[in-house]
Amino acid sequence: MTRAIYLDYAATTPVDPRVIEKMVQFLGPDGVFGNPSSTLHRQGMEANNAVEQSRQQVANLINAEPDEIIWTSGGTESDNLAIKGVAQLYADRGRHIITSAIEHKAVLDSCLYLETQGFEVTYIKPNAEGLITPKQVETALRPDTILVSLMHVNNEIGTITDIKSIAEVTKDRGVFFHADAAQSAARLPLDTKTIPVDFISMSAHKMYGPKGIGALYARRNPRIRLQPQIHGGGHERGIRSGTLPTHQIVGMGEAAHLVAYKRAEDSEKTRILSQDLLHRLMTIERVSVNGNRKHCIDAIVNVSISFVESESLLMLLPDIAVSNGSACTSASVEPSHVLTALGIDAETAYSSLRFSIGRFTTEEEIHQSVKQVAEAVYELRRLSLHWTAYP
Ligand SMILES: *Cc1c(COP(=O)(O)O)cnc(C)c1O
């Protein structure tokens, strides 16, 4: 069986073999399988040491302190904990939240939930290229605003938000700022000592670690409290209960450690492959790029191919893993909420493809995939009345 060409790194990344090697040491009867809370015996103590070392590795990735890292089950939970956790504890200060129309569903749905609980939410609209400016955030701020939540890098179009300037605005106004860094943690440097952001969501499976583990950075100085969303044994200083999954945590720690010293190399490789990919895609007739190619990460390339429905296209290409819209909403037939927010019409949105590349992508895979896409596009257009009518 030939393996599919994987160009969907924004949906999830494979686990780096070095991370797997580390994780299996924390599972079996000969490994460090103890409960990290059982610190009265050796198995527990060793597990606890591993958890704390991993906490340090994740903290290092964003230049934070280990006691500012809270383990969660992933990016979705981190987003929920930051947004609902702040809103519920600081509701007496105000009930207004600012986010954007192009956030991940974990943020949008947390905000929608809070709207049912008496909070008001402003959804900033990006410009036609998907950019959100510090000025827009400043304009949206109100005396009763308690939280701004924006993603660092958009998962569909790859655009980068200037979170440093936004954090400076929110800090000035005494408003908390949460940044969803699920897409950026492996790709862009992030420094909590120079960016006054209060919360950062991270997800291990977007950075060559395992699924089901993530972290929330929560600034300690000044101390910000959070309303726990999961109650139980009081783990993670009472903020997030549940037995710590040692193997998942060391997986995320090792993944963060690898990113810290492989990021420059990964980025350079990605930059070259991405240029090649874009260049080849543009040789197909009537292809347009979605988003802004200046303020974006190289790893995500989103294009629309006129007169071709991406769903039909993907059905012709079962051996190429790319995405149409976002994986999370594939159950619905709505066009992508991100592309729609950019003012892109439904037809163009339905003809969009997201390519995302990463650490294990090869030049050959780029060549092969664009070649096959071009052939499938040709086939579909040959059968399309609209295309044949097009001069
Ligand atoms: C993947 C992703 C999430 C969700 O993370 P999970 O670990 O899959 O729950 C949240 N935000 C963004 C921007 C993402 O890309």
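**Exercise 1. Classify Arg42, then follow its salt bridge.**

Solution.
- Start with Arg42: its relative accessibility is 60%, so Arg42 counts as exposed. The classes are: buried under 20% relative accessible area, exposed over 50%, partly exposed in between (1.4 Å probe, protein chains only).
- This is a predicted model, in which local features need pLDDT of at least 70 and side-chain atom pairs count only at pLDDT 80 or more, while totals for chains, interfaces and linings use all residues. Residues are numbered from 1 along each chain as its sequence is written, and side-chain values use heavy atoms, with hydrogens and water left out.
- Next, find the partner. Arg42 forms a salt bridge with Glu46, and their closest N and O atoms are 3.3 Å apart. A salt bridge here is a side-chain nitrogen of Lys or Arg within 4 Å of a carboxyl oxygen of Asp or Glu.
- Place the pair. Both residues lie in helix 2 (residues 42-61), four residues apart, about one turn of the helix. Helices (H or I, at least four residues) and strands (E, at least two) are DSSP runs, numbered from the N terminus.
- Classify Glu46. At 36% relative accessibility, Glu46 is partly exposed.

**Exercise 2. Which helices hold the salt bridges Lys164 to Glu168 and Lys371 to Glu375?**

Solution.
- Take Lys164 and Glu168. Both sit in helix 6 (residues 163-172), four residues apart, about one turn of the helix. Their N to O distance is 3.2 Å.
- Check exposure. Lys164 is partly exposed because its relative accessibility is 37%. Glu168 is partly exposed at 38%.
- Take Lys371 and Glu375. Both sit in helix 11 (residues 363-382), again four residues apart, about one turn of the helix. The N to O distance is 3.8 Å.
- Check exposure again. Lys371 has a relative accessible area of 47% and is partly exposed. Glu375, at 46%, is also partly exposed.
- Now look for a network. Salt bridges that share partners join Asp16, Arg18, Asp266 and Arg359 into one network.
- Finish with the total. The structure holds 19 salt bridges.

**Exercise 3. Trace the open sheet of seven strands and place helix 4.**

Solution.
- Read the strand order: 2-8-7-6-5-3-4, with mixed pairing. Two strands pair if DSSP finds at least two bridges between them.
- Mark the edges. They are strand 2 (69-72) and strand 4 (120-124), and each pairs on one side only.
- Add the twist. It averages 20° from one strand to the next.
- Look at strand 3 (residues 96-100). Strand 3 pairs with strand 4 in the parallel sense over five bridges. Ser100 stands opposite Ile124 in strand 4.
- Place helix 4 (residues 105-116). Helix 4 packs on the sheet and touches strand 3, strand 4, strand 5 (145-151) and strand 6 (176-180). Contact means heavy atoms within 4.5 Å.
- Give its angle. The direction of helix 4 makes about 150° with that of strand 4. Axes are lines fitted to C-alpha atoms, for helices over the stretch in contact, and angles run from 0 to 180 degrees between N-to-C directions.

**Exercise 4. Which residues have the most contacts inside the largest nonpolar core?**

Solution.
- Name them: Trp71, Phe177 and Met202, in a core of 53 residues. A nonpolar core is a set of buried Ala, Val, Leu, Ile, Met, Phe, Trp, Tyr and Cys residues joined through side-chain atoms within 4.5 Å.
- Find the main contributor. Helix 7 (residues 246-281) gives the largest share, six residues.
- Inspect Met202. Its contacts include Val58, Ile69, Tyr217 and Met252.
- Look for another core. One of 26 residues lies apart, with Leu273, Ile284, Val301 and Val370 among them.

Terms used:
Lists of a residue's contacts leave out its neighbours within four places in sequence.
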